Amino acid sequence: MQVKAIDVHVHLNDVETIAAAGPRGAQMAAYFGKEQKPVHVDELADQYRAREMMAVLMNSCDGTTSGYAAVPNDHIAAAVRKHPDVFIGFGAIDPWQGKLAQNEIRRCAEELGLKGIGELHGARQHFHPNDARFYPLWEEAAKHDLPILFHTGMLAAGAGTRGGMGFKMKYNAPIPNLDDVAADFPELTIIAAHPSWPWAEQSLAICQHKMNYLIDLSGWAPKYWPPSLVHYANSVLQNRVLFGSDWPAIAPERWVEEFEALPFKPEVRQKIMLDNAKRLFKLP
Ligand SMILES: [Zn+2]
């Protein structure tokens, strides 16, 4: 397969993962106006082959706060082992598990062959990434050269319900949460997931200021991107923004169609769709 693009933000939506999400799964599906139809990993692999894209698979793990145990990281590792031509895998951790979470990061790198940690989610996991109690985790990820992907901005989880299922957005503001971590761990690569609305400018500023900070453009339909994001991604930040869909929330086809309608330079499109991610994952 000639890989034309790497979708750096893809969630599994198979029977196991849907069951583990508990009631949040159904709420998210309702919010995005989609039916909760399971897609087996083999089928997902075929879909990405048909698109001539690779997909970075990720899950999340918020058992401490939600009461729902996540699917073990071995599940994504198995999908990658079965379909190494299309899948790259990230491992999920629950930051409140402390030393266990730290050990899990090491296991993701050394035993499971995963290439990053994420998606971490301040609001859903009720934690501030810049709280020093979590610093051993970021240190561990940096030691194993694993980038960490943090959700930023508004969240779909809880959206459209009274009280937003109790999720608080303060944890998802890039400044100070991720700016502090990027400053304190220059050897760690941080991927800020999504355009960070309503803090898009914060994320753009960190990205301009700190070279270990990347932005994935997932989860927000390109036609609604703020003009400043298009401007910076098309110019000074062109080497550090990444294509991501956030499937099943947004279909890659829709993302690509709307991205094509935006005024990006051809050479920048190539970087966003493929080259920047290839460099991140050290692919030939
Ligand atoms: Zn997210």
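Two strands are taken to pair if DSSP finds at least two bridges between them. On this basis, the pairing of strand 2 was examined in the predicted model.

Strand 2 pairs with strand 1 (residues 5-11) in the parallel sense, over 5 bridges. In this pairing, Val10 lies opposite Leu57 of strand 2. Strand 2 also pairs with strand 3 (residues 87-91), again in the parallel sense, over 3 bridges. Here Ala55 stands opposite Phe87 of strand 3.

Strand 2 spans residues 53-58, and 6 of its 6 residues are buried. The strand is therefore largely enclosed by the rest of the structure. Burial extends to both faces. Met53, Ala55 and Leu57 are buried on one side. Met54, Val56 and Met58 are buried on the other. Ala55 and Leu57 thus share a face; Ala55 stands opposite Phe87, and Leu57 stands opposite Val10.

The nonpolar cores were examined next. In soluble globular proteins, nonpolar side chains tend to be buried together. The largest nonpolar core holds 65 residues. Within this core, Trp138, Trp255 and Ile272 touch the most other members. Helix 8 (residues 135-143) gives the most to the core, contributing 5 residues.

The contacts of Trp138 were then traced, leaving aside neighbours within four places in sequence. Trp138 is in contact with Leu120, Phe127 and Pro129. Further contacts of Trp138 are made with Ile148, Phe150, Val181, Phe185 and Leu188.

A second core, of 16 residues, is separate. Its members include Ile6, Leu149, Leu242 and Ala277.

Note on methods:
Residues numbered from 1 in each chain as written. Predicted model: local features only at pLDDT ≥ 70, side-chain atom pairs only at ≥ 80, totals over all residues. Heavy atoms only, no water. Buried < 20%, exposed > 50% of the residue type's maximum accessible area, 1.4 Å probe, protein only. Helix = DSSP H or I, 4+ residues; strand = E, 2+ residues; numbered from the N terminus. Core = buried A, V, L, I, M, F, W, Y, C linked by side-chain atoms within 4.5 Å. Contact = heavy atoms within 4.5 Å.
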